[in-house]
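Trainee: Could we go through this model together? I would like to understand the reasoning behind the labels people attach to it.

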Amino acid sequence: NVKGVFQVETSRGFKELLKKLKPDTFADILPLVALYRPGPLQSGMVDSFINRKHGREEVVYLHPSLEPILKETHGVILYQEQVMRIANRLAGFSLNQADNLRKAMGKKKPEIMAKFKDQFINGSIANGIPKASATSIFELMEFFAGYGFNKSHSAAYAVITYQTAYLKAHYPAEYMAAVLSNNMNDIKQVSFFMEECKRMGLVVLGPDINESQNGFAVNKKGEIRFGFSGLKGVGE
């Protein structure tokens, strides 16, 4: 039921991801934007994330110190901020150095990566992490960094996704009137969302000289009245 819900309405693939993920907290909406991209979808990362969320796959951490950083994403390195935090907490990188590591990993520059790898391993050993574990963690970060996404970006999108889903669920007539008004210049979109109103059991009435406003609006009976600006040849 996500037609008209920000971001997740965009494709059938997004709807399939929602069905599989079954988000039940706000934190589950954040990964949607980060996961629904070619890299994560092709790498098998999405399936692993979903299976771990639903307990079908065991969540394994290469070192216990990774758990506080990766717990929210079920042990998967999904966000660029997680790469930075691992470098900072495990290997003692400054946040500026961690950001430079993130950039280098994203651009896959081997000569810079080699320097960072030595620094990461040596820093991790100094913090009591075995060399073999530190090497494996760095290689895991390197693999996921190519698919990394800004958590801050995901969070900003997730807030609007949550707000629009909430409004559609709790104020369906008012929300759909707003969606229709927002698409008034595109008759195909108006028809598309009028069909969605019908599916939701909402009544959309034709234009009325006494009741219609500029845009689509809800009357006292909770019906949606067609807006004058949606009529061909009638301007604002």
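**Reading the labels**

Mentor: Gladly! Let's begin with a pair of side chains: those of Gln80 and Arg102 are joined by a polar contact of 3.0 Å. Keep in mind that this is a predicted model.

Trainee: What makes the pairing of Gln80 and Arg102 a polar contact?

Mentor: The cut-off is 3.5 Å between N or O atoms, one able to donate a hydrogen and the other to accept it. The side chains of Gln80 and Arg102 are joined at 3.0 Å, so the distance passes that test.

Trainee: Where is Gln80 found, and why is Gln80 called buried?

Mentor: Gln80 is in helix α6. Its relative accessibility is 18%, and buried means under 20%, so Gln80 counts as buried. Setting aside residues up to four places away in sequence, Gln80 touches Arg102, Gly148, Phe149 and Asn150.

Trainee: And His63, is that residue buried or exposed?

Mentor: Buried, because its relative accessibility of 17% falls under the 20% limit. The place of His63 is in the loop between α4 and α5.

Trainee: Which residues does His63 contact, leaving aside its neighbours within four places in sequence?

Mentor: Those are Ile129, Pro130 and Ile137. The His63 side chain also makes a polar contact with the side chain of Ser65, at 2.7 Å.

Trainee: What makes the largest nonpolar core a core?

Mentor: Its members have to be buried residues of the nonpolar kinds, joined through side-chain atoms within 4.5 Å. The largest such core has 48 residues, and Leu32, Ile86, Phe93, Leu101, Met105, Phe120 and Met141 touch the most other members. Several helices supply at least two residues each, among them α1 (12-21), α2 (26-35), α8 (110-126) and α9 (131-145). A second, separate core has 14 residues, including Tyr175, Cys197, Leu202 and Phe216.

Trainee: Which residues does Leu32 touch, not counting those up to four places away in sequence?

Mentor: Leu32 touches Val8, Phe14, Leu17, Leu18 and Leu21. As a general point, nonpolar side chains tend to be buried together in soluble globular proteins.

Trainee: How do you know that the protein as a whole departs from a compact globule?

Mentor: Compare the radii of gyration: a compact globule of 236 residues would have one near 18 Å, but the protein has 24 Å. Along the principal axes, the C-alpha atoms fill a box of roughly 75 × 35 × 25 Å. Of the 236 residues, 41% count as buried. The secondary structure comes to 12 helices and three strands.

Definitions and conventions. Residues are numbered from 1 along each chain as its sequence is written. This is a predicted model: local features need pLDDT of at least 70, side-chain atom pairs count only at pLDDT 80 or more; totals for chains, interfaces and linings use all residues. Side-chain values use heavy atoms; hydrogens and water are left out. Buried means under 20% relative accessible area, exposed over 50%, partly exposed in between (1.4 Å probe, protein chains only). Helices (H or I, at least four residues) and strands (E, at least two) are DSSP runs, numbered from the N terminus. Contact means heavy atoms within 4.5 Å. The radius of gyration is taken over C-alpha atoms; the globule rule is 2.2 Å times the number of residues to the power 0.38.
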